[in-house]
Amino acid sequence: MIRRFEENVPLSGYCTYRIGGKARLVVNVFDFEGLRRVLEIDGKKLVIGRGSKLLFSDNGYDGTVLVMRMERFWFLNGGDGLYSGLPKMYGNGLKFACDKSSDGFGSNILKHGGLRHDEVGVYAESGVFLPTLSRAACKKGLSGLEWAGGIPGTVGGALKMNAGAFGGDMSQVVVCADILREGRLVRLCAEDCGFGYRRSGFYKDDVIIGAVLKLDCSGHRDALGDSVPNESSLAKIELLCSDYAAKRVAAQPSGFSCGSIFKSVSRGKESIPAWRFIDMCGLRGIAVGGAQISPKHANFIVNNGGACAADVLALIRTARAEVFIKNRIVLDEEVICIGEF
Ligand SMILES: Cc1cc2nc3c(=O)[nH]c(=O)nc-3n(C[C@H](O)[C@H](O)[C@H](O)COP(=O)(O)OP(=O)(O)OC[C@H]3O[C@@H](n4cnc5c(N)ncnc54)[C@H](O)[C@@H]3O)c2cc1C
């Protein structure tokens with residue numbers, strides 16, 4: 001199903017920055033069949049989730065933007081029949097392929113999503129909003145996604161970016177990911193997703209469809225085999241979630257942004273947050289047009305209203321240049337710039 005097929009649409013409505021020129025076409029994709037139809041449209045294409053890591057050019061995007069709105073998820077017990085039935089949902093007799101040889105491991109990935117009988121998890125389609133998934137898992141007493149509660153992106157975007165916070169990230173919970181690669185539905189196990197710090201090894205044109213994420217349940221199984229959390233584990237999970245939420249409110253600005261602009265800098269075994277270097281250069285609070293290096297968090301550039309992409313980019317370039325001059329460090333961008341700048 002494809003709903004909302006819009007031409008010449010401002011991309012500011014499709015990203016958390018609220019910035020961007022027009023796209024030739026924007027299509028909201030709600031299921032697998034709709035996705036396959038949109039992929040047949042000629043010209044270049046960009047798949048996005050919530051646009052929470054994107055800076056769209058003021059000149060827009062001369063192609064089709066596919067907004068992933070496949071938003072279903074199912075909690076799973078290891079060995080569930082449900083998982084092996086999923087390929088049928090994607091219709092047209094499409095079969096999953098798996099890059100593992102038929103050594104037993106590959107067939108387990110295909111049938112059970114790689115979950116062992118005693119394990120629990122969730123199958124989430126790529127458009128699922130991370131905070132929704134994190135809350136749902138927490139309510140069931142399943143831990144593993146507490147860190148994701150405040151990340152305003154989708155499962156697909158989080159997989160692509162290997163999003164993470166508070167010591168957790170996607171690579172730690174992914175068991176396998178389903179992608180559409182060159183017209184084939186392929187299931188990759190975690191080690192074939194090429195995860196690194198805020199990056200993955202998915203190919204440029206891969207479309208992430210969904211993933212199995214492994215969760216922890218410290219409770220017991222009921223007569224139907226469903227996991228039942230105990231009171232103390234539920235309370236512990238809830239406490240952790242509210243602790244993380246409070247830390248975000250205390251440290252991060254609430255305006256329009258894309259989260260961290262630069263990646264942390266690794267020095268040997270140490271990882272130094274980029275804001276420290278930006279701060280050392282005295283750049284906290286400086287503004288260009290409607291954009292500003294946040295006075296609250298120096299690695300956030302916020303749109304205070306009316307900012308354009310060029311304003312944000314000017315601040316990115318200033319921060320990079322000043323940090324290089326002062327520290328001889330080249331800051332690596334986490335934000336993804338789309339279109340011509
Ligand atoms: C206030 C705020 C706080 C944030 N905090 C954090 C944080 O703590 N940790 C963190 O890691 N990030 C954080 N972010 C950044 C961002 O939310 C994450 O990177 C998120 O995972 C991006 O998801 P998205 O759906 O918005 O992806 P998008 O921004 O839409 O896209 C990101 C990339 O993924 C690709 N993509 C998206 N969906 C698919 C798909 N289905 N198939 C193939 N490719 C796809 C896009 O083409 C693009 O390359 C924050 C952002 C904001 C605004």
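**A walk from the overall fold to the ligand shell**

Take the contacts between residues at least 6 apart in sequence: 67% of them join residues at least 24 apart. Keep in mind that you're looking at a predicted model. The protein has 341 residues, and 44% of them count as buried. As for secondary structure, there are eight helices and 22 strands.

Let's start inside. The largest nonpolar core holds 93 residues, and the members that touch the most others are Leu 55 and Val 174. Strand E14 gives the most to this core, with eight residues. Zoom in on Val 174 and leave out anything up to four places away in sequence: what's left touching Val 174 is Leu 159, Ala 190, Cys 193, Ala 211 and Leu 213. Since E14 spans 207-217, you can find Ala 211 and Leu 213 on that strand. Leu 159, in turn, falls within helix H5, residues 155-161.

Those two elements turn up again once you move to the ligand. The shell around the ligand gets at least two residues from each of strand E3 (45-48), helix H5, strand E10 (164-165) and strand E14. H5 gives the most, with five residues. There are 31 residues around the ligand, and the ones that come nearest are Gly 49, Gly 153, Gly 156, Gly 157 and Gly 259. Of these, Gly 156 and Gly 157 sit within the H5 range. By residue type, the shell splits into 15 nonpolar, 12 polar and four charged. Domain 1 (2-68) and domain 2 (73-249) each put at least three residues into the shell.

Next, helix H1, which covers residues 32-39; its buried residues are Phe 32, Leu 35 and Val 38. Why do they end up on the same side of H1? They cover an arc of only 120 degrees around the axis, so they share one side of the helix.

For a contrast with all that burial, have a look at Ser 254. You'll find Ser 254 in the loop between helix H6 (231-251) and strand E17 (265-267). Is Ser 254 buried or exposed? Ser 254 is exposed, because just 10 other C-beta atoms lie within 10 Å, and the cut-off for exposed is 12 or fewer. There's a long-range pairing to check here too: Ser 254 and Val 302 are 48 residues apart in sequence, yet their C-alpha atoms are 8.8 Å apart in space.

Technical notes:
Residues numbered from 1 in each chain as written. Predicted model: local features only at pLDDT ≥ 70, side-chain atom pairs only at ≥ 80, totals over all residues. Near = placed C-beta within 6 Å. Helix = DSSP H or I, 4+ residues; strand = E, 2+ residues; numbered from the N terminus. Nonpolar A, V, L, I, M, F, W, Y, C, P; charged D, E, K, R; others polar. Domains from an automatic or database assignment. Buried ≥ 20, exposed ≤ 12 C-beta atoms within 10 Å, placed from the backbone. Core = buried A, V, L, I, M, F, W, Y, C linked by C-beta atoms within 7 Å. Contact = placed C-beta atoms within 7 Å. Arc of directions from axis to C-beta.
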